[in-house]
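I opened this entry to keep track of what I looked up. I go from the whole chain down to single residues.

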Amino acid sequence: MFRKSKAYEIGKFFALPMEKNELAVFYLGVSGFIARSANQTVLFDPAGMVKDDEVKALKAVNLLLYTHNHLDHFSSGKTEAIFKATDAPIVAEPKVAKKTRRKNTRCQTCERQPGKTYTFGDVTVTAIQGIHRGPIMLYQVKMDDITLFHGGDSGYVSLREHPSQVAIVPVGRMSPTASPENAFKMVADLKPNVAISMHGSNKQKRQFEQKVKEAMPKTTVWTIEPYTFKTISLEREA
């Protein structure tokens, strides 16, 4: 059977018609996600997962966010290529910001501090300090009145002050700090309509899903395969 290219799948994702109160999420792998609302698109932790022929398909991205500088989350060369294709501001943990500025001084790299909220056009970003081997920044993003959380591959930190409609959380492998238990505690704080697992083995994703289903039956849990996407209707999920 003929298999469509990854660039084709990304193009199909960007061609989706989006309604108010809808969020579409495309999983690149590890912690890499593209999230689209009706009028905004943000890209998290693409590392080197977006190939050269796929970068052009990202031209609609409004904001590029990096949680930390580990290779499975950040690539300086690929960041430069994505910036050239999108001209999108880059929101980054300070170590990432420094590497990006050294690589290309044209990049609109925004070094952000935890505990503060920043605005980029119609997108609002709150930076949250995570726990990892080295510095890591977690993000709560609000776009088109939809609130989305991305947890990098952090261990558990209190998120009670950051309720979110959609939570993308790390469940383990190969992170030394993430686990199904820590992901569940994050979701218990965030109280989302939809929780999406990432950065973990299939077994860890199943363990996380079971924990949420037992304790939070109103929260829908999704596991998305790399280079596939789903659309969340928050009116239906609420």
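**Overall fold**

I counted elements before anything else: the protein has seven helices and 14 strands. Its radius of gyration is 16 Å, close to the 18 Å that the globule rule gives for 238 residues, so the protein is as compact as a globular protein of that length. I note here that this is a predicted model.

I then took the extents. The C-alpha trace spans about 50 × 45 × 35 Å along its principal axes.

How much of the chain is buried? I find that buried residues make up 57% of the 238 residues. I also looked at contacts with a separation of 6 or more. Residues 24 or more positions apart account for 57% of those contacts.

Next came the surface. The protein exposes about 10800 Å². Carbon and sulfur atoms supply 48% of that area.

I logged the charges too. There are 34 positive and 24 negative side chains. The centres of the two sets lie 4 Å apart.

**Strand β1 and its partners**

I turned to β1, which covers residues 22–29. The strand is mostly covered, and eight of its eight residues are buried.

Which strands pair with β1? One is β14 (residues 228–233), antiparallel to β1 over six bridges. In that pairing, Tyr-27 has Thr-228 of β14 as its bridge partner. Another is β2 (residues 32–36), joined to β1 by five bridges and also antiparallel. There, Gly-29 stands opposite Gly-32.

I checked the turn of this hairpin. Two residues lie between β1 and β2. Val-30 sits in that loop. Its phi is near 55°, a positive value in a residue other than glycine. Val-30 is partly exposed, at a relative accessible area of 28%. That value falls between the 20% and 50% cut-offs, which is why I log Val-30 as neither buried nor exposed.

**Asp-45**

I looked for positive phi elsewhere and stopped at Asp-45. Phi of Asp-45 is near 45°, again positive in a residue other than glycine. Asp-45 lies in the loop between β3 (41–44) and α2 (52–55).

Is Asp-45 buried or exposed? I find a relative accessible area of 0%, so Asp-45 is buried. I set this beside Val-30, which has a positive phi but is partly exposed.

**The loop between β11 and α5**

I moved on to the loop that joins β11 and α5, where Met-174 is found. The peptide bond from Arg-173 to Met-174 is cis, with omega near 0°.

Ala-178 is in this loop as well. Its relative accessibility is 9%, so Ala-178 counts as buried.

What does Ala-178 touch, leaving aside neighbours within four places in sequence? I list Asp-153, Ser-154 and Gly-155. I add Pro-170, Val-171 and Gly-172. I also took one C-alpha distance: Ala-178 and Gly-115 are separated by 21 Å, at 63 residues apart along the chain.

**Helix α5 and its cover**

Helix α5 covers residues 180–190. I list its buried residues as Pro-180, Asn-182, Ala-183, Met-186, Val-187, Asp-189 and Leu-190. An α-helix has 3.6 residues a turn, so residues three or four places apart point the same way. I kept that in mind while reading the list.

What covers these buried residues? The cover includes the strands β10 (146–150), β11 (166–170) and β12 (194–198). Helix α6 is also among the covering elements.

I looked past the end of the helix. Lys-191 follows α5, and its phi is positive, near 50°.

**Lys-211 in α6**

I closed with a residue of α6, the helix of residues 202–215. Lys-211 is found there. Its relative accessible area is 30%, so Lys-211 is partly exposed.

Which residues does Lys-211 touch, not counting those up to four places away in sequence? They are Pro-180, Glu-181 and Phe-184. Pro-180 is also on my list of buried residues in α5.

I finished with a C-alpha distance. Lys-211 and Ala-183 are 28 residues apart along the chain, and their C-alpha atoms are separated by 9.7 Å. Ala-183 is another of the buried residues of α5.

Notes:
Residues numbered from 1 in each chain as written. Predicted model: local features only at pLDDT ≥ 70, side-chain atom pairs only at ≥ 80, totals over all residues. Heavy atoms only, no water. Helix = DSSP H or I, 4+ residues; strand = E, 2+ residues; numbered from the N terminus. Buried < 20%, exposed > 50% of the residue type's maximum accessible area, 1.4 Å probe, protein only. Contact = heavy atoms within 4.5 Å. Rg over C-alpha atoms; globule rule 2.2 N^0.38 Å. Areas by Shrake-Rupley, 256 points an atom, 1.4 Å probe, with all protein chains shown as cover. Lys, Arg positive; Asp, Glu negative; His and termini not counted. Charge placed at Lys NZ, Arg CZ, Asp CG, Glu CD. Pairing = 2+ DSSP bridges.
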